[in-house]
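Hi everyone, thanks for coming. Let me put the structure up, and then we'll walk through it together.

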Amino acid sequence: MQTPAPFGYERATSVDGAIAALQRLGSEARVIAGGHSLLPMMKLRLANPEHLVDINEIAELAYIRLEEGVIRIGALTRHVDLLKSELLAEHYPLFRDAEEVIADPVVRNRGTIGGSLCQADAAEDLSAVCAAVKAEVVIRGADAERVVSMADFHVGPYMTAVGDGEMLTEVRIKLRPGAGSAHEKVERRAGDWAIAAASAAVWMDGSKIADAGIALSAVGLTTIHLSRAEELLRGEAPSEELFAQAGEIASEDCSPMADGRGPVDYKRHLAGVLTTRALRRATARALHQEA
Ligand SMILES: Cc1cc2nc3c(=O)[nH]c(=O)nc-3n(C[C@H](O)[C@H](O)[C@H](O)COP(=O)(O)OP(=O)(O)OC[C@H]3O[C@@H](n4cnc5c(N)ncnc54)[C@H](O)[C@@H]3O)c2cc1C
């Protein structure tokens, strides 16, 4: 099937207007941002929304800024803007690592952070990135807004905490001292989805790891949060042995499926190797041992 089923279309020019439209149109309405995930699904008839609310003209939703120690990213911020952001590259360089290997310029010029997170596809790179840096997301409805941690945002494959009549408006990441971060991905060819990818962030306190965040893409039904490996790292001095142990946990705690990208054993192995590499690079960056 290469054409979507018929649908109604509405263009919103403000967040309030988009939410009012979503409330009025009910549970069969969907937001459309870049359209790079939703439109292919509609063409394949895997998604059949009766109405689309287009948010591309809501300029107030496209920004990356630092306010009172928090980096705020508007939901309509495009991949290309995340790639080029010096603010993100300075504080959380794993965004640039990831954006350099997400799809191609056509997708990056249009696809948004809000769409990536709301798609809740386990293979999305940005979901692992945001989980690793312990981001929070802002979900707005008609009467109020809620702030939800990335750990609670994805409630299942292709399912999020965003309810009917609500939309995601912002991603928030706290600046914390001693931060270093990295994203490592293996793909079949340039611009492809990951066979496996690992995002890691560490926050150093002197020579010890005060806190860590690690998440995996494409090796489970949802983004995998490696809380057991994070616990292992907390309070420890970084070492190759420690990173290798975290890699072993990653191999154990992921749950990949065999497909055209490879068999289960290969993906488990890859998840471990990429976790070790991401931690090594994140720590080197935190300790200013890598540019
Ligand atoms: C050829 C190709 C290769 C790709 N490769 C990669 C890759 O390597 N890595 C990767 O991570 N991604 C990849 N992508 C996906 C790409 O990153 C998409 O841009 C992203 O998945 C969705 O963003 P979007 O803005 O296009 O969302 P859309 O397609 O517009 O929307 C996706 C979903 O999110 C919902 N949504 C969007 N915005 C909001 C909002 N603000 N509030 C509530 N719901 C919202 C929509 O209703 C829909 O359900 C690829 C896509 C293509 C087409």
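Before the hairpin, a bit of vocabulary: strands (E, at least two residues) and helices (H or I, at least four) are DSSP runs, numbered from the N terminus. Two strands pair if DSSP finds at least two bridges between them. This is a predicted model, where local features need pLDDT of at least 70, side-chain atom pairs count only at pLDDT 80 or more, and totals for chains, interfaces and linings use all residues. Residue numbers start from 1 along each chain as its sequence is written.

Okay, the hairpin. Going from β6 to β7, you pass through 4 residues. β6 covers residues 136-140 and β7 covers 145-149, and they pair antiparallel with 5 bridges. Ile139, for instance, has Arg146 in β7 as its bridge partner. β6 also runs antiparallel to β10, again joined by 5 bridges. There, Arg140 sits opposite Met167 of β10.

Now, the ligand. How many residues surround it? There are 27, and the closest are Gly34, Gly111, Gly114, Gly115 and Cys118. Being near here means that a residue's C-beta atom, placed from the backbone, lies within 6 Å of the molecule.

Which element gives the most to that shell? That's α7, with 5 residues. Among the elements supplying at least two residues each are β2 (29-32) and α8 (125-132), and β10 (167-174) does so as well.

And where does the ligand lie? Domain 1 (8-54) and domain 2 (59-174) both contribute shell residues, so the ligand lies between them. Those domain bounds come from an automatic or database domain assignment.
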